[in-house]
Amino acid sequence: MKKIAFIGGGNMAASLIGGLVSNGWTAEYIIVSDPSVERLAYLQHTFGIQTTQDNSAAAAYAEVIVLAVKPQVMQSVCMSLSEQVGSQLIISIAAGIPCSAISQWLGSQTVIRCMPNTPALIGAGISGLFATAVVTAEQKQLAERILQGAGKVSWLTQEVQIDAVTAISGSGPAYFFLLVEAMIASGEQLGLSRAVATELAQQTALGAAKMLVQSPHDAATLRQQVTSPQGTTEAAIKTFLNGGFMALAEQAITAAATRSQELAQQLSQ
């Protein structure tokens, strides 16, 4: 069991801390630094962990440093920690910051970059991980243990794949939320109350997601199983497809990946 420092105590850090503690990680082996006294008090009370407002003290204590600050302040935070960083494993959960930039700012090559998504806040997320060449197999396993408290993990072979992960799973929850919004609005137009339309759409989304995860069949097969010839579902699906749904989805996801690349260039300068 390693000593872990979280630099930044926001919601994603809290979800990871909660996962660690619930999975048996000793709370005294976890420290979090954050400028907010109120946030630190909440984290200490909730999880029984150590807290500090001193990033350097937290980093010096730890064998693993989890960078959980906003991308816009990552450079200044990393540069302020460079003297405290030696052999520690560095895990960054900040969007858009490449490993090369983190390594340059910290003076360490032992970096794992992680792209989580917001369902991690309820333990149902998935994170794409990329490790630099010097990260050992043992360190990768340690990173998995830390991140699995927030959901599943998927290792990437190239850092550039982070942009695709961002477009699919990082931004992905919003795509589903948008569809549910449209379903609720359509339900109201068809005469349902907002409460009933909301409950129907939410539970349908939940049930469909569980079927996707638990069924041996892929998404296309599951869709076909619901789509009876000349039935109601077929009428809706045909409308989607005739409206260019597949091409529009591809354009939207590609736009997200492109924007991820642009942000990475901006934030690493």
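Modeller: Contact, as used below, means that heavy atoms lie within 4.5 Å of each other. The model is predicted.

Colleague: Then take leucine 16. With which residues is leucine 16 in contact, leaving aside its neighbours within four places in sequence?

Modeller: Phe6, Ile93, Ile146, Leu147 and Ala150 meet leucine 16 once neighbours within four places in sequence are left aside. Leucine 16 itself belongs to helix α1, residues 11-22.

Colleague: Why is leucine 16 called buried?

Modeller: Its relative accessible area is 2%, and buried means under 20%. The value falls under the cut-off, so leucine 16 is buried.

Colleague: How far apart are leucine 16 and alanine 208, in sequence and in space?

Modeller: They are separated by 192 residues in sequence and by 26 Å in space, C-alpha to C-alpha.

Colleague: What makes serine 127 count as buried?

Modeller: A relative accessible area of 5%, set against a limit of under 20%. Serine 127 sits in strand β7, residues 125-131. Not counting residues up to four places away in sequence, serine 127 touches Cys114, Met115, Pro116, Lys152, Val153 and Ser154.

Colleague: Now helix α12. How do you know that the span of α12 agrees with its number of residues?

Modeller: Helix α12 runs over residues 245-267 and has 23 residues. The expected span is 1.5 Å times one less than the number of residues, so α12 should span 33 Å. Its end C-alpha atoms are 33 Å apart, which agrees.

Colleague: Which residues of α12 are buried, and what do the buried residues of α12 pack against?

Modeller: Ala256, Ala257, Ser260 and Ala264 are buried. The buried residues of α12 pack against α7 (161-170) and α8 (172-189). As a general point, an α-helix has 3.6 residues a turn, so residues three or four places apart point the same way.

Colleague: Why does serine 260 count as buried?

Modeller: Serine 260, in helix α12, has 8% relative accessibility. Buried means under 20%, so serine 260 qualifies. With neighbours within four places in sequence left aside, its contacts are Asp163 and Thr166.

Colleague: Why does tyrosine 175 count as partly exposed?

Modeller: Its relative accessibility is 32%. Buried is under 20%, exposed is over 50%, and partly exposed is in between. The value lies between the two cut-offs, so tyrosine 175 is partly exposed. Tyrosine 175 lies in helix α8.

Colleague: What does tyrosine 175 touch, not counting residues up to four places away in sequence?

Modeller: Tyrosine 175 touches Ala167, Ile168, Ile253 and Ala256. Isoleucine 253 is 78 residues from tyrosine 175 in sequence and 9.5 Å from it in space, C-alpha to C-alpha.

Colleague: Which residues does the annotation "domain: Pyrroline-5-carboxylate reductase dimerisation" cover?

Modeller: According to the unreviewed UniProt entry, residues 159-263. Over residues 159-263 the chain is 83% helix and 0% strand, with 14 Å between the end C-alpha atoms.

Colleague: And which residue does the annotation "binding site" cover?

Modeller: The unreviewed UniProt entry gives Asn55. Asparagine 55 is part of helix α3, residues 55-61.

Colleague: What makes asparagine 55 count as partly exposed?

Modeller: It has 22% relative accessibility. Buried requires a value under 20% and exposed a value over 50%, so neither applies to asparagine 55 and it is partly exposed. Its contacts, leaving aside neighbours within four places in sequence, are Ile7, Ser33, Val77 and Leu81.

Colleague: Why is glutamine 230 called exposed?

Modeller: A relative accessible area of 79% stands against a cut-off of over 50%, so glutamine 230 is exposed. It is found in the loop between α10 (219-226) and α11 (232-242).

Colleague: What phi does glutamine 230 have?

Modeller: A positive one of about 60 degrees, although glutamine 230 is not a glycine. Most residues other than glycine have a negative phi.

Colleague: And for the whole protein, how many helices and strands are there?

Modeller: There are 12 helices and 8 strands. Of the 269 residues, 39% are buried. The C-alpha trace spans about 65 × 40 × 30 Å along its principal axes.

Methods
Residues numbered from 1 in each chain as written. Predicted model: local features only at pLDDT ≥ 70, side-chain atom pairs only at ≥ 80, totals over all residues. Heavy atoms only, no water. Helix = DSSP H or I, 4+ residues; strand = E, 2+ residues; numbered from the N terminus. Buried < 20%, exposed > 50% of the residue type's maximum accessible area, 1.4 Å probe, protein only. UniProt positions renumbered as here; feature names shortened; annotations may be inferred.
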